[in-house]
Amino acid sequence: MTTFSRQLQSLHGRTPERVAVVLQHAGQPDVPISYRQLLRGASAYARTYSREKIEPGEVVVLILQHGEDLIYSFLGAVLQGAVPSIMPFLTEKLAPERYRAELATLISVTKPTAIVTYPEFESEVRGALREGDSVRSVILTDRLESQSDPDFDSLPGMKRSSEDIVLLQHSSGTTGLQKGVALSHQAVFNQLEAYSRALNLNDQDAIVSWLPLYHDMGLIAGFLMPILSGIPLVLSSPFDWVRAPYKLMQAVSQYRGTLSWLPNFGFNFCSQKIRDRNLEGVDLSSWRAVINCSEPVRLESHQAFYERFHSYGLKWEALQCSYAMAENVFGVTQTDLSRPPKVEQIDREAFMVEHVARPARSDRSIMTMMSSGKPIANTRIRILDDQGKDVADKKVGEIALHSDCMLTGYYNRPDATKRAFLDNWYLTGDYGYVSDGEVFVSGRKKDMIIVGGKNVYPQDLESLSYEVPGVHAGRSVAFGLFNDEAGTEDVVIIAEVQSEDPAEQERIAEALRQHVTQNSAIALRYVKVVGPKWILKTSSGKTARSANKEKFLKELEQESK
Amino acid sequence: MSDIQTTIGDYVSVSILKQPKRKTRTDEPLISSGLIDSFSLVDLALFVEDTFGVHIDDTELNAQTFDTLDQLANLIRSRQPK
């Protein structure tokens, strides 16, 4: 069986001049990178890691923005036999102290021996280091060994076995950084083989992506799959996409892109925020699949996207879905690309009360569900009830999975690992049902909010709110509210304070919004500060999120009357 | 406060923050503070273009180019035909 290094050596030998990646940066010309250049850049990093005495199997954390350094440092770690792990870069709105605290936590759990970053960011990184921690070296991008063709025979990465760990992915979420998923070469290749087959990936394909590489969808579908399969990749960044979504369409048109992945909100975002003048001459007919993944999938979002772009050659059957997670490397299911995803109209009441997906009746309220497809060839799915017993077809339960690419455990987290498994089956924490072999995902077991493809635990936002003067512990509640227009959830936070004075409440609301945003990088849509006894508690004193959400919605409705 | 600041300030309160009663100070940081989420930056640029006929490039949608209503108003004025 093969390894990343051997696969890269083979591509480098067979097609050195073929373009592996076209890097896009707003305001700059596109940078095409051949396999030869890719390996030259990676080998400069491999030799730098070797100079710094980074041993095979040791973790290297990469704190870099979209660009050549991120790609080379990642692949260079692989060539050195070390284990790369990408940490999101500090964003404008996140408070530096919070970022340092998160980095310190990441270091204490994953125990990296080196961190790679820019000279300008060195002091931030050093600020997170502690006496006696695992980090021996902070490697700066301006102090690298020079680029040269790799000497494969001398690279430690060539001696790694396919069972060795090749990379660490972090499962997303504000507290997710503490849960790393360690993946072996074999696990990644097993995923790529099964997932590529589901896509019928072939040498006519070109992948266009703006997804971040610290997230599984970006790292696997939008980076490793194309590079290791010899499929060209056009890569831009989330930072640029969110400011100019039309560039995705222009890139697909210019490079004849065939495959892209987007979170559900991305379909809405693109259909609402692109002007005709940015689409002049754009031809989207090469797109054979735009895959909706990492948020609950909505038919309305596909319809809006198709409505907006079909006159530019977009095909309806190009809009597809997948259910994926870092814990299975990436894909769990994929819809059949030869036809549109299956859509079911089900009876809303039966779904809510009996937790079953029964065909809709014309005289009753209807729910529209869109399939995420069938499990890919190497992955099996079960739907379990509260007792861990299998439920019948069309009954809703927790989705569990088993595959030859699933995680063996969370990295250095035996406690989290134990909770995540039931007899060797990984418990996803997602609810869903199976109908005619297709998986329909219907919700989350935990009160997780998914906003713009990012998982947010309400507990984390509530804890942050208690740090605001005037808000006491246990006196706030956070939840998600689905926004049809945006195609994703809005975040609501309600805090109870002693003061009944509107001006004082307004002041606290402002402080709350600012503090939570700067410490979570999550924008709050509604911040409501209320007087005593507003928040509903359960009999055991816990905050009942769904009850408070209903109360909030009722008040919102009255206010708008 | 000039008309430009008021017009954009109202748009930010009503359409972006969904707090119609909120008054944004003209020297208050909007982007670096996270008050305006990155998902809303395109909306702001489109609103400025439709309302004032001034184009703001996507590479300019950051706190270095403008962060407050005053700075944004200056940018708009500098680009309006004299």
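Two strands count as paired here if DSSP finds at least two bridges between them, and strand β20 (residues 421-422) of chain A pairs with β21(A) in the antiparallel sense over two bridges. The model is a predicted one, and this briefing follows β21(A) and its partner strands, then an open sheet of three strands in chain A with the helices that lie on it, and finally the contact between chain A and chain B.

**Strand β21 and its partners**

- Strand β19 (residues 397-403) of chain A is joined to strand β21 (residues 425-435) of chain A by four bridges in the antiparallel sense, and within this pairing E398(A) has Y431(A) of β21(A) as its bridge partner.
- Between β20(A) and β21(A) there is a hairpin with two residues between the strands, and D423(A) in its turn has a positive phi of about 45°; L422(A) has W425(A) in β21(A) as its bridge partner.
- Six bridges link β21(A) to strand β22 (residues 438-444) of chain A, again in the antiparallel sense, with V434(A) standing opposite V439(A) in β22(A).
- The hairpin of β21(A) and β22(A) likewise has two residues between its strands, and D436(A) there takes a positive phi near 50°.

**The open sheet β25-β26-β27**

- The three strands of this open sheet in chain A are arranged in the order β25-β26-β27, and their pairing is mixed.
- Because β25 (476-483) and β27 (526-530) of chain A stand at the edges with a single partner strand each, one side of each is left without a neighbour in the sheet.
- From one strand to the next, the twist averages 20°.
- Strand β26 (residues 488-496) of chain A runs parallel to β27(A) and is joined to it by five bridges, and V492(A) has Y526(A) in β27(A) as its bridge partner.

**Helices on the sheet**

- Helix α15 (residues 502-520) of chain A lies across β26 and β27 of chain A, and its direction is at about 140° to β27(A).
- Helix α16 (residues 545-559) of chain A also packs on the sheet, where it touches β25, β26 and β27 of chain A, and its direction makes about 65° with that of β25(A).

**Contact between chains A and B**

- Chain A gives 15 residues to the contact and chain B gives 14 residues.
- On the side of chain A that touches chain B, the elements giving two or more residues are α8 (238-243) and α15 of chain A, and α15(A) provides the largest share, three residues.
- By class, that side of chain A is made up of five nonpolar, five polar and five charged residues.

Conventions. Residues numbered from 1 in each chain as written. Chains lettered and ligands numbered in written order. Predicted model: local features only at pLDDT ≥ 70, side-chain atom pairs only at ≥ 80, totals over all residues. Axes fitted to C-alpha atoms, helices over the stretch in contact; angles between N-to-C directions. Contact = placed C-beta atoms within 7 Å. Nonpolar A, V, L, I, M, F, W, Y, C, P; charged D, E, K, R; others polar.
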